[in-house]
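Work through the exercises below with the structure open. Try each task before reading its solution.

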Amino acid sequence: KDAIVISHASIIFPFFLGICLALYLYNEFAPGGVNFISYSLFIGIAVSVTAFPVLARIVQERGLSKSKLGAIAITCAAADDITAWCILAAVIAIVKAGSASSAVVTLVLAVAYVLAMLKIVQPFLKRLGEKYANKEALSRPVVAIFFITLLISSYITEIIGIHALFGAFMAGVIMPANISFRNILIEKVEDVALVLLLPLFFVFTGLRTEIGLLDNAHLWQVCTLVILVAVVGKFAASALAAKFVGQNWRDSLAIGALMNTRGLMELIVLNIGYDLGVLSPEVFAMMVIMALVTTFMTGPALDMINRFTKSGNQKKGTAGTIAAGRYKVLVSFNYPETGIKLMKVAHALTRKNKEHHVVTCMHLSPSNDLNAFNRFEYENEAFMPINAAAGKMGLSVQTLFKPVQHIDNEIVDAANLGQYDLLLVGAGTSIFEGTFLGRVLGFTSKIISPEHIINTIAGKERLFDQPTLGERIKYIARNVECPVGILIDKDTNVNMERVYIPFFSLRDSFLLVYAQKLIHHNHSTIIVLDVMGVIRQNPELKEAVRMIEQVAPNHIALYTQQSIDQDAIGESGITILSLDSWKVALQDQSDWLSYAPALLIVKP
């Protein structure tokens, strides 16, 4: 109910302002032969449109899809779109008919067409969709039926006089509601539509947009007025309507900013008006500029709204988190298998006192083109194994899914803005692993075998480092403010019961904190490896190890370089070392690192 009120207010008020704007523009800019009714109706609908696809993408990218604000905005835009298309069909009918009687005939035929599509064609397509709801059953002849439906529907609406676009829209409306079927059909259409047809449409629109026609101050003043009317009409109406139905000011303003987005839908309307001869080239250029400005301003407007309405709440929330002493872990994974292993590490660090620990599992999809249907399919596929594994561990996790374009930037932003105490990521794998070339170069199943390559090829650090700690991981480690744990494993189950912690320098002393956490929460056995004799030469470190041993006897042991057992390291357990020590190990003769089933490299 709220969405219906907001969406219709966001059409009625800007439509009224658009007609008022048409009063000002008609005498100077209306093409010859276009009556005022047709002109004013088209200007009204041109400033009333909301770009549903763009709004949905903004909501998706900002992680608002499952929030109340996102749900209201999406529903408002959907209702707005349906209403706008119906009004546009009526306006086109009136414009093309030329007379009142012809317009009535066109509208009656349009209603009959819509009823036929809903009552006759839709049930037939529904039965097809139920029968061919999987990729194996959906053969090419069946796909052809749906494409023929699209073409015939568009052709009929063109004959009726309400533009082929409305026929394509109706064909989409009556497609089977089966999510699996829609996802398959979208995948078949989307690649061609987004990669080929959409860029052509933008090029076509750009070529006919002659900004050079706005060659004097008066025309730019009119252009500014058009933008002002569009923004005030859409933003103010949506925000005030949202406040009227009970939303707070922050959400009301955010809804106003989102509904003010025009994007592709506006360009479609403008091209129809240009083709019908209703819009002059000057007004068309002004309207295109208005569409671009109102679309580009959405992101900054939302940022400003968040900044001015949430600053106090953010400070309060930060203080509350620190006071509560919560230990927040962010697990960022690409594949569910990696996510489960990282969760085991997080669980071993937070098993006790669960009420004071928060574990968030985040999966960022590298595709920025996920639609509403396959987005949830990707999310379910990513988190179903994660949730199942978390249930077996008795670990309560929060989940976060987001399709993004720049994964490394998003991970850094999520870790820093979320004020996490630890970020856990997987190191990834080399494209050469498991291949003949990989074996020639000396790759094991997951990491390079140092004894095969370190002493035989120059530039060993680069060759050793690149397949495991790639540029993305290095970027994350440099820019994330909290500690970062980077997991490298050999397709084995990560065993946190036996943990090896090598010391290469005094800077590794922070690792004792993780040793204490593992002993306390997981009852792990910690083997401290004094590789360079650092602990032996430093009484304070030696005393710190001894104090841990007093609190948890039989859970920590100190080994020297001479007593390191490569076979024991290779049998079980995980090796935790600092990022600095990892770099030293590449230059040092620490071949025993290659025997470790798993490595957790920690940047403090």
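**Exercise 1.** In which sense do strand 6 and strand 7 pair, and over how many bridges?

*Solution.* Keep in mind that this is a predicted model.
Step 1. Locate the two elements: strand 6 covers residues 498–503, and strand 7 covers residues 525–530.
Step 2. Read the pairing. The two strands pair in the parallel sense, over 6 bridges.
Step 3. Check one pair. Arg498 has Thr525 in strand 7 as its bridge partner.
Step 4. Add the connection. Helix 21, residues 511–522, joins strand 6 and strand 7 in a β-α-β unit, and this unit is right-handed.

**Exercise 2.** Find the strand that 5 bridges join to strand 7, and say how far strand 7 is covered.

*Solution.*
Step 1. The partner is strand 8, residues 556–560. Strand 7 and strand 8 run parallel.
Step 2. Take one pair as a check: Asp530 stands opposite Thr560 in strand 8.
Step 3. Turn to burial. The cut-off for buried is under 20% relative accessible area. In strand 7, 5 of the 6 residues are buried, so the strand is mostly covered under this cut-off.

**Exercise 3.** Describe the two faces of strand 2 and name the strands that pair with strand 2.

*Solution.*
Step 1. Strand 2 spans residues 357–365.
Step 2. Sort the side directions. His357, Val359, Cys361, His363 and Ser365 point one way. Val358, Thr360, Met362 and Leu364 point the other way.
Step 3. Test both sets for burial. All of these residues are buried, which gives 9 of 9 for the strand.
Step 4. Take the first partner, strand 1 (residues 327–333). Strand 1 and strand 2 run parallel and are joined by 7 bridges. Leu330 stands opposite Thr360.
Step 5. Take strand 3 (residues 397–403). Strand 2 and strand 3 also pair in the parallel sense, over 7 bridges. The bridge partner of Ser365 in strand 3 is Pro403.

**Exercise 4.** Which residues form the nonpolar patch on the surface, and which helices supply at least two residues each?

*Solution.*
Step 1. List the members: Phe13, Phe16, Leu228 and Val232. Together they have about 370 Å² of accessible area.
Step 2. Assign the helices. Helix 1 (2–29) and helix 9 (217–244) each supply at least two residues. Phe13, for one, is found in helix 1.
Step 3. Test Phe13 against the area cut-off. Patch residues need over 30% relative accessible area. Phe13 has 36% and is partly exposed, so Phe13 meets that cut-off.

Methods: Residues are numbered from 1 along each chain as its sequence is written. This is a predicted model: local features need pLDDT of at least 70, side-chain atom pairs count only at pLDDT 80 or more; totals for chains, interfaces and linings use all residues. Side-chain values use heavy atoms; hydrogens and water are left out. Patches are made of residues with over 30% relative accessible area and no salt bridge: like charges are joined within 9 Å, nonpolar side chains (Val, Leu, Ile, Met, Phe, Trp, Tyr) within 5 Å. Accessible areas come from the Shrake-Rupley method with a 1.4 Å probe; for residues, only the protein chains shown count as cover. A salt bridge is a side-chain nitrogen of Lys or Arg within 4 Å of a carboxyl oxygen of Asp or Glu. Helices (H or I, at least four residues) and strands (E, at least two) are DSSP runs, numbered from the N terminus. Buried means under 20% relative accessible area, exposed over 50%, partly exposed in between (1.4 Å probe, protein chains only). Two strands pair if DSSP finds at least two bridges between them. A crossover is right-handed if, with the strands pointing away from the viewer, the path from the first strand over the helix to the second runs clockwise.
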